[in-house]
Amino acid sequence: MDSSEAVYEGLKDAGIDFIVSVPCVNLTKILNKIDCDEEITHIPVTREEEGIGICAGAYLGGKKPAILMQNSGLGNSINALKSLTELYEFPLLMIMSHRGTDGENIVGQVPMGLSTPRILESMDFKFYTPATPEEAYDNIRLSWELSEDDGKPVSILLEIKYW
């Protein structure tokens with residue numbers, strides 16, 4: 001199983017049926033698979049915090065939501081994550097292309113890449129950084145249950161070396 005297939009299959013096996021996304025080159029293959037899947041509603045958005053609100057509404061409507069985005073969007077989403085999803089205990093699976101890690105070619109991605117884990121820790125949000133497709137599949141599958149149990153978002157950080 002390749003890296004994109006593992007993420008897609010993990011989402012499917014977790015029962016995720018509603019996905020919001022902000023474009024990222026690393027997520028392209030996954031988003032193409034999602035677009036071909038009639039069991040998953042896919043809503044592309046232009047801003048991450050917009051996606052957080054849409055995911056909260058989808059959960060209230062009986063869906064199991066996830067957002068796929070770059071980690072740079074985490075900074076855009078902090079208020080929505082804390083004052084909406086955590087306050088009202090909405091589960092949310094966040095799949096992030098973790099830019100700015102080892103192997104990054106764009107120097108402007110590095111500061112947020114280094115800060116992302118610390119930001120999630122300071123928000124008291126659990127996250128996983130799988131090294132292999134098998135780990136990603138397992139982490140994704142289990143993270144939705146953890147998010148539901150805790151009433152907080154759980155993130156999967158997919159570093160450059162993962163791809």
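These are my notebook entries on the parallel sheet of this predicted model.

**Entry 1: strand order**

I began with the topology of the sheet. The sheet is open, holds 6 strands in the order E2-E1-E3-E4-E6-E5, and is paired in parallel fashion. I then looked up which strands form its edges. These are E2 (41-44) and E5 (126-128); each has a single partner strand, so one side of each lacks a neighbour in the sheet. I also noted the twist: neighbouring strands are turned against each other by 20 degrees on average, with direction ignored.

**Entry 2: pairings from E1 to E6**

I followed the bridges across the sheet, starting at E1. Strand E1 (residues 18-21) pairs with strand E3 (residues 65-70) in the parallel sense, over 4 bridges. Within this pair I recorded Ala66 of E3 as the bridge partner of Ile19.

I next examined E3 and E4, which run parallel and are joined by 5 bridges. Here Ala66 stands opposite Leu93 in E4. From E4 I passed on to strand E6 (residues 153-159); 7 bridges join these two parallel strands. Leu93 has Val154 as its bridge partner in E6.

**Entry 3: helices beside the sheet**

I looked up how the chain passes from E3 to E4. E3, helix H4 (residues 72-86) and E4 together make a β-α-β unit, and its hand is right-handed.

I then turned to helix H3 (residues 48-60). Helix H3 lies across E1, E2, E3 and strand E4 (92-98). Relative to E3, helix H3 runs at about 170 degrees.

**Entry 4: burial of E4**

I asked how many residues of E4 are buried. The count is 7 of 7, and the strand is mostly covered. In a regular strand, side chains alternate between the two faces of the sheet. I therefore sorted the residues of E4 by side, and both faces proved to be covered. On one side the buried residues are Leu92, Met94, Met96 and His98. On the other side they are Leu93, Ile95 and Ser97.

**Entry 5: Ser155**

I closed with one residue of strand E6, Ser155. Is Ser155 buried or exposed? Its relative accessibility is 0%, and because buried means under 20%, I entered Ser155 as buried.

I also listed its contacts, leaving aside residues up to four places away in sequence. Ser155 touches Met94 and Met96, and also Leu120, Lys126, Phe127 and Tyr128. Met94 and Met96 are on the side of E4 that also holds Leu92 and His98.

Conventions: Residues numbered from 1 in each chain as written. Predicted model: local features only at pLDDT ≥ 70, side-chain atom pairs only at ≥ 80, totals over all residues. Heavy atoms only, no water. Pairing = 2+ DSSP bridges. Axes fitted to C-alpha atoms, helices over the stretch in contact; angles between N-to-C directions. Contact = heavy atoms within 4.5 Å. Buried < 20%, exposed > 50% of the residue type's maximum accessible area, 1.4 Å probe, protein only. Right-handed = clockwise from strand over helix to strand, strands pointing away.
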